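Student: Could we go through this model together, one question at a time?

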Amino acid sequence: MIGITGHSKESLFLEYINQREDKDANADLFMKFYSEMNKDKKPQLKKVL
């Protein structure tokens, strides 16, 4: 959307359309993405001497 409107940041676009940024929704979206990205990885422990 930002590329289409020409705004440099999402926050500027949201200000222009009189909307507040929903930081909780952004955090939820990040956690969903992070979980999907790491769902098949196995935990790894490294021995440090």
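**Patch, pairs and confidence**

Tutor: Let's start at the surface: Phe 30, Met 31, Phe 33, Tyr 34 and Met 37 make a nonpolar patch of about 550 Å². Patches take residues with over 30% relative accessible area and no salt bridge, joining nonpolar side chains (Val, Leu, Ile, Met, Phe, Trp, Tyr) within 5 Å and like charges within 9 Å. The areas come from the Shrake-Rupley method with a 1.4 Å probe, and for residues only the protein chains shown count as cover. This is a predicted model, where local features need pLDDT of at least 70 and side-chain atom pairs count only at pLDDT 80 or more, while totals for chains, interfaces and linings use all residues. Residues are numbered from 1 along each chain as its sequence is written, and side-chain values use heavy atoms, with hydrogens and water left out.

Student: Which helix does Phe 30 lie in?

Tutor: Helices here are DSSP runs (H or I, at least four residues; strands are E, at least two), numbered from the N terminus. The protein has 3 helices and 0 strands. Phe 30 belongs to the one spanning residues 23-38, helix α3.

Student: Why does Phe 30 count as partly exposed?

Tutor: Buried means under 20% relative accessible area and exposed means over 50%, with partly exposed in between. Phe 30 is partly exposed because its relative accessibility is 48%.

Student: What is the angle between the ring planes of Phe 30 and Tyr 34?

Tutor: Rings of Phe, Tyr and Trp (its six-membered ring) pair if their centres lie within 6.5 Å; planes under 30 degrees apart count as stacked, over 60 as edge-to-face and the rest as tilted. By this rule there is 1 aromatic pair. Phe 30 and Tyr 34 form that stacked pair, at 6.0 Å centre to centre, with the planes at 25°.

Student: Which residue forms a salt bridge with Glu 36?

Tutor: A salt bridge needs a side-chain nitrogen of Lys or Arg within 4 Å of a carboxyl oxygen of Asp or Glu. The structure holds 1 salt bridge. Glu 36 is partly exposed at 49% relative accessibility, and with the closest N and O atoms 3.4 Å apart, its partner is Lys 39.

Student: Where is confidence lowest in the protein?

Tutor: Look at pLDDT, the predictor's confidence in each residue, from 0 to 100. The mean for the protein is 76, and 73% of its residues reach 70 or more. Where pLDDT is low, the predicted coordinates should not be read in detail. Confidence is highest in α3, at 82, and lowest, at a mean of 62, in helix α1 (residues 2-5).

Methods: Buried < 20%, exposed > 50% of the residue type's maximum accessible area, 1.4 Å probe, protein only.
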